[in-house]
Amino acid sequence: MQATDFIRLTLGSVFSQHLRSFLTALGIAVGVAAVVLLTSIGEGVHRFVLAEFSQFGTNILAVTPGKNTTFGMSGAVINTVRPLTMEDAEALKRVADVEAVVSVVQGNAEVEFGKRSRRTMIIGAGHAVPAVWQMDVEIGRFLPDDDPRNARAFAVLGSKMADELFGSRSPLGEIVRIAGERFRVIGVMESKGTMLGFDLDDTLFIPAGRALEMFNREGVMEIDLLYRSTANVDQLEEQISRLMQARHGYEDFTIITQEEMLETLGSILDILTLAVGALGGISLLVGGVGILTIMSIAVNERTHEIGLLRALGTRRRQVLGLFLGEAVLLSATGGFAGLVIGAGGAALLGLAIPALPVHTPWYFVLLAELMAVAIGVIAGVAPARRAASLDPVEALRAE
């Protein structure tokens, strides 16, 4: 059998049963489309979440209070958490390779200007916020480098907060009341958008020391450090740990780097993307069962044709190749159609719902097509081997 005869017979077998071939390929197409669409959504969410966390930079290290120690007694967990203080933050500024430090205090309070009021997030921080968190001031300036314990009553508004309270007028120099206390507005931040549902523009910054008094807290919630890109992170963590243990007497804090957080988050999101893709893969397996069923029926219907081919000298492996070729052609065609439907559906979904992050990973697209072909081969092996093993004489007798 020549190659042209092989191709002609394979295509003829597929196109002679239009409806059957269409429905078989459709099963694979639905499976591939589901895989591509679901992985596009999963990958889009993956990239969106990592981008949200990365917008503050990657050379950030956070020190948070929190270390629980168990002394061996059943159920006796002794809480040894000691608050982080403003003095801790000042001491951390002296660590080598640390460029800037921000003490963070967070709470909610009523903000008033004239007859307008709004309850919003209040962030107590220091003058280094623009450098550490990569946030820029649109008008005015950020908080000055005052004595942390005796900082002046200045406030910097988020862009949305400024619009809500002041509208089109400039807020610079105006007095606002925050939880009943008077603060002078000295700046407005550029729009930063949202991070995981938290509106960074609907915030208000005041000095950390005044935030501690306002929210009646003993210590800051977190100390963020910006370190040089050339720094050895492991050595930097060790230096910070030694300094904090020397100040507190024991390790009652946690050090988290932005890279560690992104790696952990990335691994979780990778598993999520694979899990979502696996759900779509179930449809692909159903399509494979469809190919197995149709090819088994085809062998039974074409027993006489197989006997004639074998009587004319067609070898077993050529008969095997004919049926495998049909299975691969059906699965590859359905897979390609599924790729077009899935990728097109993902693009349309992204246009229809801009808030939904969608990204089609082309390596998943290629993998889905290869899976479709592989399923076609696997599903077609049993019927093809059965066709190839038929006795020519017995096959010719079949009706």
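Helices here are DSSP runs of H or I of at least four residues, strands are runs of E of at least two, and both are numbered from the N terminus. The model on screen is predicted.

**Whole chain**

Begin with the entire protein chain in cartoon view. The chain contains twelve helices and 14 strands. Of its 399 residues, 44% are buried, that is, under 20% relative accessible area. Among contacts with a separation of 6 or more, 79% link residues 24 or more positions apart.

**Helix α5 and the strands beneath its buried side**

Select residues 159-166, which form helix α5. Its buried residues are S159, M161, A162, L165 and F166. Around the helix axis they cover an arc of only 160 degrees, and therefore they lie on the same side of α5. Next, display the strands against which these buried residues pack: β4, β5 (116-125), β7 (154-157), β8 (175-178), β9 (181-189) and β12 (203-207). Then move to G167, just after α5, where phi is positive, at about 65 degrees.

**Strands β4, β5 and β12**

Keep β4 and β5 displayed. The two strands run antiparallel and are joined by nine bridges. One position to label is G107, which stands opposite I122 in β5. The hairpin of β4 and β5 has two residues between the strands, and G114 in this hairpin adopts a positive phi near 60 degrees.

Now add β12. In which sense do β5 and β12 pair, parallel or antiparallel? They pair in the parallel sense, over five bridges. Within this pairing, I123 has F205 of β12 as its bridge partner.

While β4 is in view, select S103, which lies in this strand. With a relative accessibility of 9%, S103 counts as buried, because the cut-off for buried is under 20%. Neighbours within four places in sequence aside, S103 contacts M86, A89, G124, A125, G126, A208, V220 and E222.

**The nonpolar cores**

Colour the largest nonpolar core, which has 43 residues. V63, L92, I178, I206, I223, L225 and I240 are the residues with the most contacts inside this core. Which strand gives the most residues to the core? Strand β4 (residues 98-113) does, with six. Apart from this core lies another, of 19 residues, which includes V102, I123, A125 and W133; a second colour will separate the two.

**Strand β1 and its two partners**

Select residues 60-65, strand β1. This strand is mostly covered, since five of its six residues are buried. Display strand β13 (residues 222-227) beside it: β1 and β13 run antiparallel and are joined by four bridges. L61 has L225 as its bridge partner in β13. Then display strand β14 (residues 253-257). β1 also pairs with β14 in the antiparallel sense, over five bridges, and T64 stands opposite T254 in β14.

**Helix α7**

Select residues 233-248, helix α7. This helix has 16 residues and spans 22 Å from its first C-alpha to its last, close to the 22 Å expected at 1.5 Å a residue. V233, L236, E237, I240, S241, M244 and H248 are its buried residues. Viewed down the axis of α7, they fall within an arc of 135 degrees, so they line one face of the helix. The face turned away from the buried side carries Q235 and A246, which are exposed.

From the buried residues, pick I240. Residues up to four places away in sequence aside, I240 touches L61, V63, L92, V95, L225 and I255.

Examine the two ends of the helix in turn. At the N-terminal end, N232 caps α7, with a side-chain oxygen 3.1 Å from the backbone nitrogen of D234. After α7 comes G249, which has a positive phi near 90 degrees.

Continue to D252, in the loop between α7 and β14. D252 counts as buried, at 0% relative accessibility. Display its side chain together with that of H248: a polar contact of 2.9 Å joins them.

**Last stop: D270**

Finish in helix α8 (residues 258-301), where D270 is found. Is D270 buried, exposed or partly exposed? Its relative accessibility is 39%, so D270 counts as partly exposed. Add E43 to the selection: E43 and D270 are 227 residues apart along the chain, and 8.1 Å separates their C-alpha atoms.

How values were computed
Residues are numbered from 1 along each chain as its sequence is written. This is a predicted model: local features need pLDDT of at least 70, side-chain atom pairs count only at pLDDT 80 or more; totals for chains, interfaces and linings use all residues. Side-chain values use heavy atoms; hydrogens and water are left out. A nonpolar core is a set of buried Ala, Val, Leu, Ile, Met, Phe, Trp, Tyr and Cys residues joined through side-chain atoms within 4.5 Å. Buried means under 20% relative accessible area, exposed over 50%, partly exposed in between (1.4 Å probe, protein chains only). Contact means heavy atoms within 4.5 Å. Two strands pair if DSSP finds at least two bridges between them. The arc is that of the directions from the helix axis to the C-beta atoms. The expected span of a helix is 1.5 Å times one less than its number of residues. A polar contact is a pair of N or O atoms within 3.5 Å; within protein, one must be able to donate a hydrogen and the other to accept it, and residues adjacent in sequence count only if both atoms are side-chain atoms.
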